[in-house]
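I opened this notebook to record what I looked up in a two-chain model, taking salt bridges, the interface and the cysteines in turn. The sequence and structure come first.

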Amino acid sequence: MAAADSPSAALRRRDLCSRGIRLAGKMRSDVIDLLDTYVEQQGLDASASVAAVEGVPAAAAERWDEQTGPQRLLENLAAYRAFRALLAQMLEEQREQLGEADAAVGRALAAILLQVSAFAYHLEELLRLESRGVPSEEGAAPPPPPHLSLFERKLRGLGVLRELAQWAVRSARDLRQLAKPSPGSGAAPSPAESP
Amino acid sequence: MFSGWNWVAHGLYVILNICSLEVLGGLVQSCGHIIPESPVLALGSNFTALCILNESCLDFGNIYANQIIWKIKNRVVPKEQYREINRTVSSVTFNDTSSLASPLTCNILADGQIEQNIYGITVTVGLPPEKPRNLSCIVNQLSKLTNPMTCTWNPGRHTFLDTHFRLKYRWPQEDFPDCIPKDVNNSCTIADVQFFVNMEIWVEAANALGKAESDPLVLDPIEIVKPLSPHNLSVNSGILPTVLKLSWENRISAAVMKLKFNIRYRITGDTNWMQVPPEDTASPRTSFSVQGLRPYTEYVFSIRCMKEDGVGYWSDWSEEKTGVTTEDKPSKGPPIWRIIDASHSRASWTVHLMWKALEPFEANGVILQYEVTVRAKSSLSSPLEKYNVSTTNLTLKLPNGTYEVTVIAHNRAGASPPSVLLIPASNSKAPVKNVRTLPKDGKLWVGWTAPNSYVLKYVIEWCLMSNSSECITEWQNEPGNVQGTYLKGDIKPFKCYLITVYPLYADGQGSGQSVKAYLQQDRPSKGPTVQTKKVGKAEAVLTWNHLTVDEQNGFIRSYTIFYKTIDGNETAVTVDPSKTEYTLSSLTSDTLYTVRMMAYTDEGGRSGPDFTFTTQKFGKGEIEAIVVPVCLAFLLIVLLGVLFCFNKRDLIKKHIWPIVPDPSKSNIAQWSPQVPAKHNFSSKDQMYPEGSFTDVSVVEIEADDKKSFSEQDLKPFDLLKKEKSTSEGHSSGIGGSSCMSSPRQSVSDSDEGETTQNTSSTVQYSTVVLNGYRDQTPVQVFSRSESTQPLLDSEERSEDHTGGGDSTTQRQQYFKQKGGQDETSTDRACFERTKQITPANEGDLVGFAQLQISGQSSQPLGLGLEKSTQEAALSDVLQTSTEGQTVRPETVEENPPNPLSSDEMPKSYLPQTVRQGGYMPQ
């Protein structure tokens, strides 16, 4: 926290939080758009319920408002690293499945992947500003993907995107919380501030 | 000769050796090579190349490094740049590579004569890349999810080498593939960028001589976004006639970028855009209500957006959409004016009411009709007359008087305020002053000085003055607080406008003040046609017609008359433009002049056709001045002559038309020489005493001398002869001889004769006073007769006889009687000699005029008459002689008569006769 005391560090943190919030918002927006396209492309039902996907961190958190800043950042970082791996896998599967035939979904997936990466970078930077060590990715690497059928892969993709959308909302809230003058106070953001 | 062959043979040997070596070493083996091989060199640097000979060539070809020649293309490099490193290596050094060119060859001079290429390299000279500068990027949004970023930079100088540029960018934790420009070297587009992460961007330029990188640009691409403009713009009219509501869709997610907007709008047909205040649209939205618009007006709208905080770029303007506001009631009444035609009747007017259609911004809708109300101001009880018309004019016939006219325009939304026009009985109020015009900015400005009274408004009338069309009046209203305005209409240049300003008061109207004006002047389209009205000797009156208003093209400021003779200089005279006549003076008489005329406006002049005229030879009155005095002088002379003749009429009459007594009334009086006192000739005697008549000259001239007299000299005698001949018939021969003019009174029937003579006497006498000739004694003879019988005839007959006798003798006698008034000649010969003796009698004109001549030779016709008369007279004479009066013809002797004989008969009155030129007293 020592680093956070300097004005430049505070400014940097505010900037990172601000842009992280907006990135989360854009990510959510893009994911929502992609979900519609993905469901249509994959021939899925938009209302289909997807059970919890293995390796996908849940956005829901108990006692969310009690979390500290670093704790929030670490959870977010872990989640987005996982999403990054999942989305990369989805992108690979997408290319294997459709080749270059449906470039729009592939481009959208690639864009979201970049956004996830960018958001993970934001989180890492914030952790550094918090003078917290950034955990290595090797430890947080998701388990190797199980052998799944095509339909199962489609459903898993749907689940990843839906959960990412949830995480985008939560991350925005987390960052708003961090951006407040007393980070880690645990005050829940007002609904009006939600993206 | 032999040594020469040896030299050639040696050369061939060397070449064969070289060739054989090459063949032995392989097809591409050469005797040496150059280091470095195909270098790329920086422009301006120094460069050293080495040519290394193979050892094998040394053995077989006897070639060494000192025989190497360096060449650039086909140009030998100066040997100063060579350096023989050893027997197989030669180097060449270039201090400046700019002098290098390809190929650089290493050659050998075999035996100092034959040059053989050993090796060659290609040298490439260029520059290392400069550091790219001015790197800038922009994210041009293509769609909601596609945000390509285009970066541009300045690549720097030309390197002459193949230089590659790469746009490199990365996140702190992630690198991205380079963006490689296609076909250009100064820009590259990254297909998609992610926002909200700082990106480091830089450009790398590289070629064979090195690489250079630009300064990195670190930015979040969201800060350089040029978003797509809002789309699906729609315009809807609201409840209010001054409001239109715009709606649109943004094409960038609000989660990505919050936007602010610019809204611009204009009236359809107008080119000037208006803009909604930016602060009103500085927040994200998808709709906006534009207020303050005109009712019933079509507007065009357009919108653009950019990042809310102003970082980035404005989008392009969206497509334009139009919308129309709803109607509102007209904001003002129509301007109204009138033309009063009072020509038909003195008791009533024909009033042409006219009003202008409201401008769209005043009408606020579609004008459905106009309501016109006319009320007479003179009588309050007069009814209000209303007219509903759809046109903009109304003609009414009204009795003379003051009226108040109101016009109200109606549209769907309501009625306008009324426009009121007072039509007074007379324009008796104060007019404006000093009406003036000024062309300004392609329009015509009219100014005036306001009257002292408060003016409600002004009406400006104007019309185009033309010969070809009638003056169509246009007009406009101006408020009462202005003193100038631009004419609102199609004012054409070079046309004359008559502009009239009327002040309108609350209770009347001032008379109009007019001025003529041009928006723009030009030279006249033609010049005046000049002609002469009157041409004199030294002046000419020129006349011309004014140019028509269509020809003037401006105000005619002056005329200039140019006139000249054929070979003279042109003279110019400036004439006032109001004149149509001018008199040229000081012209040369009887000279051809060419005259032309120019009319000038402010912009220049134009000349009319030439006209020629010739001045007169004589001036006015000159001929009269000559002729009249001459005539007057002539008349004066004639008058004087007449007066003179009148005064001397008696004398003239006596000598030219003597009173000839009527022979038919004559009788022979009894008279006797013894009683001469009875005869009343005392006056004559007193006037001419006997002693005074002494000279009778007898001139004897040879007949041939007659020729010496000119005809001129004889003319007077001819005239007298004629008179004699004509009067001879009446003559009774006063007392005898025709050469004798008698001062005696004679009996005559003539009244005149009676008044001048004593007619009571029947006794005629004559006195002949003769002078001597040539000192000869003159012979005085008095003859007397009481009768008025034509003794003359007897005398003349005797003269005839005498003449006949003289003709044979070729002698002539001339008698000149110097008796004051009387001259007598007794012979025709004397007539012919008259001229000769005239000088002797010049002072006695009367006597000369009284000559009575019996013509003969010069008057053949008269001669005949004379002869017959003379014959008759002769018989009469013979008769009288028988009665006691003896007339005896005798021949006058040449010898002068005896003076004594004349003395002997001084007082005797005897008939006398002249014979053969002589004069014989009887």
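**Entry 1: a pair within one helix.** I began in helix H4 of chain A, where A:Glu125 and A:Arg128 are 3 residues apart and therefore separated by about one helical turn; helices here are DSSP runs of H or I with at least four residues, strands are runs of E with at least two, and both are numbered from the N terminus. The side chains of A:Glu125 and A:Arg128 meet in a salt bridge, at 2.5 Å from N to O, the term meaning a side-chain nitrogen of Lys or Arg within 4 Å of a carboxyl oxygen of Asp or Glu. For the surroundings I looked up relative accessible area, where buried means under 20%, exposed over 50% and partly exposed in between, with a 1.4 Å probe and protein chains only. A:Glu125 counts as buried at 16%, whereas A:Arg128, at 42%, is partly exposed.

**Entry 2: ground rules.** I note that the model is predicted, so that local features need pLDDT of at least 70 and side-chain atom pairs count only at pLDDT 80 or more, while totals for chains, interfaces and linings use all residues. Residues are numbered from 1 along each chain as its sequence is written, chains are lettered from A and ligands numbered from 1 in the order in which they are written, and side-chain values use heavy atoms, with hydrogens and water left out.

**Entry 3: other salt bridges.** Over all chains I find 30 salt bridges in the structure. In chain B, the side chains of B:Lys168 and B:Asp178 meet in one of them, at 2.7 Å from N to O. This pair links distant parts of the chain, since B:Lys168 lies in strand S13 (residues 164–171) and B:Asp178 in the loop between strand S14 (174–175) and strand S15 (187–190), 10 residues apart. B:Lys168 is buried at 16% relative accessible area, and B:Asp178 is partly exposed at 26%.

I then turned to B:Glu551 and B:Lys526, whose salt bridge has its closest N and O atoms 3.8 Å apart. Here too distant parts of the chain are linked: B:Glu551 is in helix H4 (residues 549–552) of chain B and B:Lys526 in the loop between strand S42 (513–518) and strand S43 (530–535), 25 residues apart. B:Lys526 counts as partly exposed, at 35% relative accessibility. Back in chain A, I noted a network of salt bridges that links A:Arg72, A:Glu75, A:Arg170 and A:Asp174.

**Entry 4: the interface.** How many residues of chain A are in contact with chain B? I find 16, facing 20 residues of chain B, with contact meaning heavy atoms within 4.5 Å. The two chains bury about 1600 Å² between them, 58% of it on carbon and sulfur atoms; buried area is the accessible area (1.4 Å probe) that two parts lose on being put together, summed over both. In chain A, the residues that lose the most area to chain B are A:Arg19, A:Arg22 and A:Lys26, together 39% of what that side buries.

Between the chains I count 1 salt bridge, in which B:Asp220 pairs with A:Arg19, the closest N and O atoms being 3.5 Å apart. On the side of chain A that touches chain B, helix H2 (7–42) and helix H4 (103–129) are the elements that give two or more residues, and H2(A) supplies the largest share, 9 residues.

**Entry 5: cysteines.** Over all chains I find 4 disulfides, each a pair of cysteine sulfur atoms within 2.5 Å. In one of them, B:Cys51 and B:Cys106 have their sulfur atoms 1.9 Å apart, and with -85° about the S-S bond the link is left-handed. B:Cys51 lies in strand S3 (residues 47–53) and B:Cys106 in strand S8 (residues 104–110) of chain B, so the pair ties together parts that are 55 residues apart in sequence. Both B:Cys51 and B:Cys106 are buried.

The sulfur atoms of B:Cys137 and B:Cys151 are likewise 1.9 Å apart in a disulfide, which is right-handed because the torsion about its S-S bond is about 110°. B:Cys463 and B:Cys471 also form a disulfide, with 1.5 Å between their sulfur atoms; B:Cys463 is buried at 6%, while B:Cys471 is partly exposed at 41%. Finally, I noted that B:Cys496 is in no disulfide, the nearest cysteine sulfur, that of B:Cys463, being 8.8 Å away.
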